[in-house]
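Okay, thanks for coming, everyone. Let me put the structure up on the screen and then walk you through it.

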Amino acid sequence: MGGATIRTTAGRKATPAPIADTDAERAPGLTLMDRLRTPRRPRLWFEIVLIAVSYWTYSLIRNAVPEQRPEALRNASWIWEWEHRFGMAFERGVNHAFDSVSWLIVGMNYYYATLHFIVTLSVLVWLYHWHPGRYAATRLALFATTGVALLGYYFFPLAPPRLMSGGHFIDTVVVHNTWGSMASGNLADMSNQYAAMPSMHIGWSLWCGLTIATLARPVWVKALGLLYPSATLLVIVATANHFWMDAVGGVVCLSFGFVLSCAWYGSLPYRLPKQVAVICTA
């Protein structure tokens, strides 16, 4: 049988590796599904276009969801009531405590507005360059997480705490006159303000944190990876942009993303080979 093999430096045939580049498409004995499920060396131009188009589509759909203000406010009141029943309605106290330290809350406003994108894109670039064999599977987990979040925005419109009627929360961007969110101040009309559940700040930051903590080598970098989603949770609560329950929704979406990636590639993304093997035909 003329199967696909890997040539070693000694010229002997070795057992095929599970990760292959585009030569695998021409290898005999592979079905169409095998080829689709085989991670290939990512192409830079394709990844740039894919990420740009995907985020544009996500933003378009998210912002096209009807801003159902009455229902969103009712859902916010419902969550706030149940958090009180369980003795876990701590968001307002955190919001007021951090707002009293001007330099800190202003920094959190900028954190909320920028790191969400900067860190996620940086981790994608790092994966692309240093872990090409794991890139596609890890990227699929992120994209599936983001995609399923749209269902939450559509079926469960939710006002953030800062927009609750009688909630006595502080909109820290408005109060401190900082550019910190497209859902506050002069930029409010550019974003759906009632798409708070689930929190993709948590979904994306936890994806980044798990990826860094699992794949990075220096211990201090792993520690920063674990710290990042924790700090993000504190920021989204302190700025009154989310309830802590929105963070739970983000975790659920991320779990779905990893389950889908595992089902497609047959393994956790982080357990796939780091590099892409070179396949040739016998």
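Before I read out the fold, a word on terms: helices and strands here are DSSP runs, at least four residues for a helix and at least two for a strand, numbered from the N terminus. And keep in mind that this is a predicted model.

So, what pattern does the protein chain follow along the sequence? Reading along, you get β-β-α-α-α-α-α-α-α-α-α-α-β. That's 10 helices and three strands in the protein chain. The chain has 282 residues, and 46% of them count as buried. If you take the contacts between residues at least 6 apart in sequence, 79% of them join residues at least 24 apart. The accessible surface comes to about 14,500 Å², with 67% of that belonging to carbon and sulfur atoms.

Staying on the surface for a second, there's a nonpolar patch I'd like you to find. W78, W82, F86, M88 and F90 make it, and it covers about 550 Å². M88 is in the loop between α3 (69-85) and α4 (91-99). Is M88 buried, partly exposed or exposed? It's partly exposed, because its relative accessible area is 36%, and the partly exposed class falls between 20% and 50%.

Now, charges. Side chains of opposite charge can pair when their charged atoms come close. How many salt bridges does the structure hold? Three, and I'll go through each of them.

Start with R139 and E47, whose side chains meet in a salt bridge at 2.8 Å, N to O. This pair links distant parts of the chain: R139 is in helix α6 (residues 132-155) and E47 in helix α2 (residues 44-64), 92 residues apart. Both R139 and E47 are buried. R139 shows up again with an aromatic ring, lying over the face of F143 at 5.8 Å from the ring centre.

Next, E81 and R85, a salt bridge at 2.7 Å, N to O. These two are four residues apart in helix α3, so about one helical turn separates them. How much of each is accessible? E81 is at 37% relative accessibility, so it counts as partly exposed. R85 has a relative accessible area of 54%, so that one is exposed.

Then there's D171 with R162, where the closest N and O atoms are 3.3 Å apart. D171 and R162 are both buried.

On to the aromatics. The count comes to 15 aromatic pairs. One of them is Y128 with Y135: the ring centres are 5.8 Å apart and the planes sit at 85°, so the pair is edge-to-face. Which class does each ring's residue fall into, buried or partly exposed? Y128 is partly exposed, because its relative accessibility is 25%. Y135 is buried, with a relative accessible area of 1%.

There's also an aromatic cluster to look at, formed by Y55, Y58, F117, Y153 and W204. One of those rings has a charge over it: the charged end of R62 sits over the ring of Y153, 5.3 Å from its centre.

If you want to click around afterwards, I'd start with R139, since you get two contacts to look at: the salt bridge with E47 and the face of F143. Okay, that's my tour.

Note on methods. Residues numbered from 1 in each chain as written. Predicted model: local features only at pLDDT ≥ 70, side-chain atom pairs only at ≥ 80, totals over all residues. Heavy atoms only, no water. Buried < 20%, exposed > 50% of the residue type's maximum accessible area, 1.4 Å probe, protein only. Contact = heavy atoms within 4.5 Å. Areas by Shrake-Rupley, 256 points an atom, 1.4 Å probe, with all protein chains shown as cover. Patch = residues over 30% accessible without salt bridge, like charges linked within 9 Å, V, L, I, M, F, W, Y side chains within 5 Å. Salt bridge = Lys/Arg side-chain N within 4 Å of Asp/Glu carboxyl O. Phe/Tyr/Trp six-rings, centres within 6.5 Å; stacked < 30°, edge-to-face > 60°. Lys NZ or Arg CZ within 6 Å of the ring centre and 35° of its normal.
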